[in-house]
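Me: Could you take me through how the helices and chains of this structure pack, with the criteria stated as we go?

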Amino acid sequence: MKDVRLMKGNEAIAEGAIRAGCDGYFGYPITPQSEVLEYLMANKTKERTGMIVLQAESEVASIHMVYGGAAAGKRVMTSSSSPGISLMQEGISFMAGTELPCLLLNVVRGGPGLGTIQPSQADYFQAVKGGGHGDYKMIVLAPASVQEMYDFAKLGFDLAFKHRIQVMVLSDGAIGQMMEKVELDDERPRWTDEEIVKMHTWAATGKTKNRERNIITSLDLNPVKQEIINRKLQAKFRKIEETEVRFETIQCEDAEYLFVAYGSSARVCQKAVQLGRAKGIKVGLLRPITLFPFPYKEVKRLAKQVKGIQCIEMSAGQMIEDVRLGVEGIVGVEHYGRLGGIIPAPDEVLNVLEQNFIKAKIYERTH
Amino acid sequence: MSAPTREDICQLENEVYSRTTLLTPAPLSYCPGCGHGTAHRLIMEVVEEMNLQADTIGVAPVGCSVLAYDFMDIDMQQAAHGRAPAVATGIKRLYPNKFVFTYQGDGDLAAIGTGETIHACNRGENITIFFVNNGIYGMTGGQMAPTTLPNMKTSTSPFGRDVETMGYPLKITELIANLPGTYFVSRQSVHTAANVRKAKKAIEKAIQYQKLKKGLCFVEIVSNCNSGWKMTPLDSNKWMEENMFPFYPLGDIKVPK
């Protein structure tokens, strides 16, 4: 019989991490994601799987504890919300420079500054374009359901170790707080220390006689060598762009108009597609699941098919820049966003699409 | 009788000193006269004598000793400025049976990393912190540090540290010794043979206590920075004895009951 439970998004990813064989969680309370730490503590993970959970003194300390654990080859994670993720950028950059795998969760709230505790998607640029210093990318997964919050813990760890990269789950206050049913899978055992030494030959686990020292550092003062390190990183990001793009299309086969949205906004647009179809408007939805790598090719393919693309974001328009890069000017692309922690309603976004592309007829097909 | 040749002298029975095998062949990047080299050697000598190489993970700081991993023949990780105690916490929590230490300077540990230092100490993390205090930011070129003495001249206090406007030097070692999570806290120096012997004993204790899972051990090494202080090595050692030691007195600060 399937193990199905009613859970909050934040609880689901915590449970997902335990079952994915996570070794360590280091975090600091901040609304709207504190349930992650609370759930892990309440679940006595040390007794259940041996997973270590530690409440750090700050988000800065949390991310550097993750940096230490990751360097030693363990499956480690942290979670926070926007202001806390800003504090973590230093450690994330160090992990980018040392190519360490880890799972990061941002349950995004409205900003800038202390902003609000309500849901937002205004941290897209920070997550996707590199929030810390230096040239780097993370794999960014955007869950649109509590089930995906659960699923992306395991997927995130697997992608992180496959590519030795940081994986961020870019959620928001709505997905983190809302409750939905979640289908759970079996617990995957944690790696033993012996398995880690064998699999992750790069990890700093103590120098034994049969190998060279493992040094985890992002420093090389020789610019020629530093450029080589950077080119290697870039090659890895290009490979990820080729192989790890994930997206979902909903009623796009015959679509004349297209919503592009991720996360909570995609849930709103999914309903708007239903409303539109009921009115006879042939509208579909493209939902990017990976924000890096972004589904540029699918955006371009659909751009050739539709008469207009309506981006919906809980921000002033950040993902739309990637959509426009994919569209390459083939068709009109419009932004509509709510700010400061407000979630748009399905009829609201459908109305915007109709105003922009059907009633106003301001855009004609250019191909 | 002819004078003995080099080969005659270089016999095992004549050996009074040899290089620790856990120091790599890389030439030290420290200024001649600096105490870092001796501190590196002592730590590696103890790790070697206790046969801990395979169980040791070191954390290097930002500062002059950022390249400690070039010289210590062990697995090491380089931490962001001040964050070494958090990094070491992450490692140690996941590998409770490994020997985990940080090696940090005063700017790293007592300014930008004050939070990480105090909380790692207060949690009683079972790690060892080696703290080299020379009262100055050496690597960036001699700026004022949290431990710079009153009236001491640095490149950012060119007329001397004015405590009215620049604050007082921070005795962080005394501060963390007051926390219940620290087990053994000691302040040493490595500028004379006698002091080297005492410092080595403190290092041995700090490592032994970690093996016994006693909590955080903290060994400060008050050292010179002849380049930053703009003195000869000998003068800097003399200045250290006359000025640093009265403010940062040597000896054990917290010992197990």
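The questions below go from the chain contact to single helices.

Reply: This is a predicted model, in which local features need pLDDT of at least 70 and side-chain atom pairs count only at pLDDT 80 or more, while totals for chains, interfaces and linings use all residues. Residues are numbered from 1 along each chain as its sequence is written, with chains lettered from A and ligands numbered from 1 in the order in which they are written.

Me: Which element gives the most to the side of chain A that touches chain B?
Reply: Two residues are in contact if their C-beta atoms, placed from the backbone, lie within 7 Å, and 33 residues of chain A are in contact with 29 residues of chain B. Helices (H or I, at least four residues) and strands (E, at least two) are DSSP runs, numbered from the N terminus, and those that give two or more residues to this side of chain A include β2, β3 and α5. The element that gives the most, with 8 residues, is α4(A).

Me: How are α4(A) and α4(B) oriented to each other?
Reply: With axes as lines fitted to C-alpha atoms, for helices over the stretch in contact, and angles running from 0 to 180 degrees between N-to-C directions, the two helices come within 6 Å and cross at roughly 50°. Angles under 35 degrees count as roughly parallel, over 145 as roughly antiparallel, 65 to 115 as roughly perpendicular and the rest as oblique. The orientation of α4(A) to α4(B) is therefore oblique.

Me: How many residues of the contact of α4(A) with α4(B) are nonpolar?
Reply: On the α4(A) side the contact includes His64(A), Met65(A) and Tyr67(A), and on the α4(B) side Val87(B), Thr89(B) and Ile91(B). Ala, Val, Leu, Ile, Met, Phe, Trp, Tyr, Cys and Pro count as nonpolar, Asp, Glu, Lys and Arg as charged, and the others, Gly among them, as polar. There are no charged residues in this contact and 5 polar ones, while the number of nonpolar residues is 9.

Me: Within what arc do the buried residues of α13(A) fall?
Reply: A residue is buried if 20 or more other C-beta atoms lie within 10 Å of its own, exposed if 12 or fewer, and partly exposed in between, with C-beta atoms placed from the backbone; the buried residues of α13(A) include Ile320(A), Asp322(A) and Val323(A). They pack against elements of chain A, among them α6, β11 and α12. The arc is that of the directions from the helix axis to the C-beta atoms, and these residues line one face of the helix because they fall within 160°.
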